Amino acid sequence: MTAGRPEAVYFFGTCVVDLFFPEAGLAGIELLEREGVRVVYPRGQTCCAQPAFNCGHHGEARAVARAQMALFPRPLPVVVPSGSCAGMMKHHYPDLFAGTPDEASAAAFASRVHELTQFLVGVLGVSLTDRGEKTAVTWHSSCHGLREMGLEKEPKALLAQLSNVTVVPLERERECCGFGGTFSVRYPDISAAMVADKAADVAGTRAPTVLSADAACLLNIGGALSASGAAVRPRHLADFLWERTRER
Amino acid sequence: MAETSREAILGRLRAAADPAPPDRGAAAPDFPSGRYLPSERLPRLRRCMEAVRTEFVEATEEGWPSAVRDFLVAQGARRVAYGPSGPDGPAFAAAFRPGAPPELVPYDRPVEEMKTALFTDIDAGFTSARGGIAETGTLVLWPSPAEPRLLSLVPPMHVALLRAATIRETFGETLKVENWAAGMPANALLISGPSKTADIEQTLAYGVHGPKRLVVVLV
Amino acid sequence: MSAEGAPDFHASSSKALRDAPLRANFRRAMDGLMAKRAAQFPDPAEWAALRARAAAVRARSLAKLPELLEALEAKCVSNGLKVHWAATTGEANATVLSILRAHGATRLVKGKSMVSEEMHLNDFLEANGVESVESDLGEYIIQLDGETPSHIIMPAIHKNRQQIARLFGRKIRDAVYSEEVDALTATARRVLRQKFFEAQAGLSGVNFAVAETGTLCLVENEGNGRMSTHVPPVHIALMGLEKVVERLEDVPPLLTVLTRSATGQPISTYFNMITAPRGPGEKDGPREIHLVILDNGRSRIFADGELRATLRCIRCGACMNHCPVYTRVGGHAYQAIYPGPIGKILTPQVEGLARRHDLPHASSLCHACTEVCPVEIPITRLLVRLRAESARSSAGSSVLDAGGGRSRLEDLAWAGWRAAHASPALYRMMTRLVRLASPFVPSRFGPMKAWTNVRSKPRPARRTLHELVKEKGLGDG
């Protein structure tokens, strides 16, 4: 049994959502508020520090991570609309601060972090009513969400609740889209080959929309789709769910 | 020079060794035991082995020597090697008549004297099997002075006698129940089919270096 | 930024990406191997239990490594084997040669051994007048063509049957030209059978070395391993020092995940357990068995409690079969003995980060490898660790050439990133700047070009989430 509905949650938007997919962040907040949960958004938040962490610049990562944790002091859940950012905070903050004076507080913070879809399904038990027209979508699973946060059942469960939405599976749903943060810049040819394959897979489903719970993947895949002229729209799952289910 | 290397290597390892982690899984049982009823072991072994082209000849405790002889005759085997002082050697030999093919070639001399024959002139090698493993479809062989290793390796056909009652569930069970740790033979073998490879375009091909055919005589 | 003459994975991977037949071959091969493995582990709960057990066995071996190696040596010696220790590949090569010379042996037949690849043994022996013939079909094929393996389990995976048929036609006397797999296999069998017959010594690797009984275990499907270890009068076994396991009962849990992960088989055709040379009364088997225990950087890896997990590896190849990078560039692009994910953590530690700092970065950190490793090596985590070792100062690190990938430019860039993200005010300024400047950032130059080669330039939204939230009047704390 879950601990019961919290009265309030923190929302950590993530830097990619902030800059490129703010509507997804807003949608996530709306989805939470609709369930009767008060959402607190600390204004000073910036980035989970994953880019520096993944590149091995752990001193810099710690500085930014510490700054984030200080903004979420109350014992409220921290809900994050990204599997990779949630994974960073939940699984890697404890590593980053192991052996430092912040070890205990980092572990405590990490234990409060939830990915948005997992929170909606696992804690709030949302029930969605589809108010949109018939459409098809395809789903990209996002590696960190899938493999670090175990994010698979929850997004599919939410999509299954939308009666007018058909999910057309990708041929290689679980294969990486090739973003990998700075990997896309350090090894652009390999990254390009990966995203080209993913974009072709997406286009091959003929679905007009590709969904993901990770904005970085969307930036990557969406960029490739647009360059290839494919008429597929990349959308964050939260944004899609909110649009399909909000009262007109 | 070698002495120095040994001490240098061990010295580096000892310097870095931590206290042992909790022995998680140390006593992990071979699992899951009791998966196959005794009556299921043989069918499972057979299914697994036939899936990789092992052939089976069914026989009885009294009749297997003739059954093997008839099989070998039908295959056109001309010369068959075996271990005359093996546990089943005398019974095997008794089914063959001198002068009538196939000719029995006792492997009772050092390999240096047998090598050419084994490599060029022997059509099949006969051995007993110590037992079997149902889970993976496997024969257990312990080559010995009486049944040398190359009998089951060099001739293009290996004929192995397997008594169904000696089939166990798993390799782990076999090791433990038979207490192999108390004394390993110079060579112990698990054989699960005829020789094969998928090195060319991941396409299965049989009979690479080991025997092209594995025939299990079931008793 | 690499050391002089260091392999350049950027260049070699880009080149490989342009080789369409190579990509097609590897894609098809990896798909097949992934499917076969998946069929062997249909139950997630059972898979979790199997890998936890295998990981525990390997972790225990490593925790007791020096003690187990000494016990292994003592037991092998009392069983009649000769045991040699080699700190470097040079020493190992010299040891092998001296054993061969002591027997006047100039014809060696080899089973598959990745350790022998580390040693570049064949080249060394040829230079010293010893013919060293690979007998594993895949290794034989690439030896004929003067190549190195492109995969640790299927060395000739990059070749199709036409290429092999032409190769056999060129290099094998009396070979009848055929592109049929069975015919090609039969040709190899004929040639190698003669080599087994004539060999004066045989060489093998070791999959597991059991300290309890002094038993060397070999996994194979073809029979060439048994031929190499049973037929010639001398058997030389090469093992990396991490291959020791404590007890005989540790073997079945490792064997089952190895064969299932590597080739999707419940067990290999042959599992060969060697404990002693030809005993009294025995008619065959080698008269002498030599075990060569090789370090070559492993003791250094062992010294780091976290990186030590690299040594759990049982060489199944599952990581590379599932790697989206390996699938697209193949094994040769890594220019290393061990390619793929395991290669990306092992090679930099053995050869040093100055030479190989580009490898840990050649990953999108997708975790596909970590997910399938049967001994739970946290590969992704170790890649990040090695990136950190590459970027830091070398003081206090046991990693070879720590700091070898350090770059002033990168240090500055990350310092700048930190400044922009540790301060809310600076972050706000930066996002404003990005939005304003974005239309003017040329998409075809500099770092942006790397992105825009196949993607449209990313367009920041007109308003940030911070701004939307402020408008909405959401609570701050």
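Two strands pair if DSSP finds at least two bridges between them. I wrote that down before anything else, since my entries begin with strands, and I add that the model I am reading is a predicted one.

**Entry: strands across the two chains**

I looked up where chain B meets chain C through strands, and found that β9 of chain B, residues 187–191, and β9 of chain C, residues 270–274, pair in the antiparallel sense over five bridges. Within this pairing I asked which residue of β9(C) is the bridge partner of Leu190(B), and I noted Phe271(C).

I then followed the pairing outwards on both sides, and recorded an open sheet of eight strands with mixed pairing, in the order β8(B)-β5(B)-β6(B)-β9(B)-β9(C)-β6(C)-β5(C)-β8(C). Its edge strands are β8 (167–168) of chain B and β8 (244–245) of chain C, each of which pairs on one side only.

On the chain C side of the sheet I checked β5, residues 208–210, against β6, residues 215–220, and these strands run antiparallel, joined by three bridges. Ala209(C) has Leu216(C) in β6(C) as its bridge partner. Helix α12 of chain C, residues 251–263, packs on the sheet, where it touches β5, β6, β8 and β9 of chain C, and its direction makes about 20° with that of β6(C).

**Entry: the contact between chains C and B**

I next took the contact as a whole, and found 73 residues of chain C in contact with 64 residues of chain B. On the side of chain C that touches chain B, helix α10 of chain C, residues 181–198, gives the most, with eight residues. By class, I recorded 35 nonpolar, 20 polar and 18 charged residues on that side of chain C.

**Entry: chain B by itself**

I noted six helices and twelve strands in chain B, whose C-alpha atoms fill a box of roughly 70 × 50 × 40 Å along the principal axes. Of its 219 residues, 48% count as buried. Among the contacts in chain B with a separation of 6 or more, 75% come from residues 24 or more positions apart.

**Entry: a helix pair in chain C**

Finally I looked at α16 (residues 340–351) and α20 (residues 379–391) of chain C, which pack at an angle of about 35° with their axes 10 Å apart, in a left-handed crossing. Pro341(C), Lys344(C), Ile345(C) and Pro348(C) of α16(C) meet Ile379(C), Leu382(C), Leu383(C) and Leu386(C) of α20(C). By class, I noted seven nonpolar residues, no polar ones and one charged residue in this contact.

How values were computed
Residues are numbered from 1 along each chain as its sequence is written. Chains are lettered from A and ligands numbered from 1 in the order in which they are written. This is a predicted model: local features need pLDDT of at least 70, side-chain atom pairs count only at pLDDT 80 or more; totals for chains, interfaces and linings use all residues. Axes are lines fitted to C-alpha atoms, for helices over the stretch in contact, and angles run from 0 to 180 degrees between N-to-C directions. Helices (H or I, at least four residues) and strands (E, at least two) are DSSP runs, numbered from the N terminus. A crossing is left-handed if the near helix is turned anticlockwise from the far one by less than a right angle, and right-handed if clockwise. Two residues are in contact if their C-beta atoms, placed from the backbone, lie within 7 Å. Ala, Val, Leu, Ile, Met, Phe, Trp, Tyr, Cys and Pro count as nonpolar, Asp, Glu, Lys and Arg as charged, and the others, Gly among them, as polar. A residue is buried if 20 or more other C-beta atoms lie within 10 Å of its own, exposed if 12 or fewer, and partly exposed in between; C-beta atoms are placed from the backbone.
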